[in-house]
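The following account leads from a single residue to the helices around it and then to the protein as a whole. Please keep the sequence and the structure in view while reading.

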Amino acid sequence: MCAQKLVTDKESTEYIRKIFNTFDINGDGVITIDELKEGLRKNGIKYTDTDIYHFMRQVDTDGNGEIDFNEFSVFWIDELHKEEEKKRLFDVKSTFPTLSELKHQFAKLDVDGNGVITFDEVKLALVNRRGHCSDTDVYKLMREADEDGDGQIDFDEFLVMMAKLYTK
């Protein structure tokens, strides 16, 4: 994880605490699996039991079956770092690029020029940007962007992903 530390910025801490509290339904200072499921349901987020299992394994670092505020904060900060990393990977600027600029960015990632970005091309881009990357990171990014589930990111999916990055 990128951010194995406590949150120190007061405004960030308050923001993360507010999100944490929406999941800590009974207010006891920890998020249980049932509270996590209920919080996701209330926010209209669909999930599977496998999603919950993987999330708990990732976030519940002490393995006690509950997520405390520190664990939640570390996860949240890590996710913010990943969003920033995606923005750097895809050259996200402060204003939305033109279609021509998006085509150029897509072409840079589509190394073999076949009209789709593959797992290997995403991995190559990540390695070139930060010197290393895990297959898990690539799978997560691919899963998020690959809307039709064919294992590739076509230009339309790339546009949707870029729009999401610019609206965050």
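In this predicted model, Tyr47 touches Lys37, Leu40, Arg41 and Ile52, once its neighbours within four places in sequence are set aside. Tyr47 itself lies in the loop that runs between helix H2 (33-42) and helix H3 (49-59). One of its partners, Lys37, is 10 residues away along the chain, and the C-alpha atoms of Tyr47 and Lys37 are 8.2 Å apart. Is Tyr47 buried, exposed or partly exposed? Its relative accessibility is 29%, so Tyr47 counts as partly exposed, given that this class spans the range between under 20% for buried and over 50% for exposed.

The two helices joined by this loop also pack against each other. The axes of H2 and H3 are 11 Å apart and meet at an angle of about 120 degrees, which means that H2 is oblique to H3. The crossing of H2 past H3 is right-handed. On the H2 side the contact involves Ile33, Leu36, Lys37 and Leu40, and these meet Asp49, Ile52, Phe55 and Met56 of H3. By type, the residues of this contact comprise 6 nonpolar and 2 charged, with no polar ones.

The wider setting is a protein of 8 helices and 4 strands, which follow one another along the sequence in the pattern α-β-α-α-β-α-α-β-α-α-β-α. Of its 168 residues, 37% count as buried. Among contacts with a separation of 6 or more, 52% come from residues 24 or more positions apart. The protein exposes about 10300 Å², of which carbon and sulfur atoms supply 53%.

Notes
Residues numbered from 1 in each chain as written. Predicted model: local features only at pLDDT ≥ 70, side-chain atom pairs only at ≥ 80, totals over all residues. Heavy atoms only, no water. Helix = DSSP H or I, 4+ residues; strand = E, 2+ residues; numbered from the N terminus. Buried < 20%, exposed > 50% of the residue type's maximum accessible area, 1.4 Å probe, protein only. Contact = heavy atoms within 4.5 Å. Axes fitted to C-alpha atoms, helices over the stretch in contact; angles between N-to-C directions. Parallel < 35°, antiparallel > 145°, perpendicular 65-115°, else oblique. Left-handed = near helix turned anticlockwise from the far one by under 90°. Nonpolar A, V, L, I, M, F, W, Y, C, P; charged D, E, K, R; others polar. Areas by Shrake-Rupley, 256 points an atom, 1.4 Å probe, with all protein chains shown as cover.
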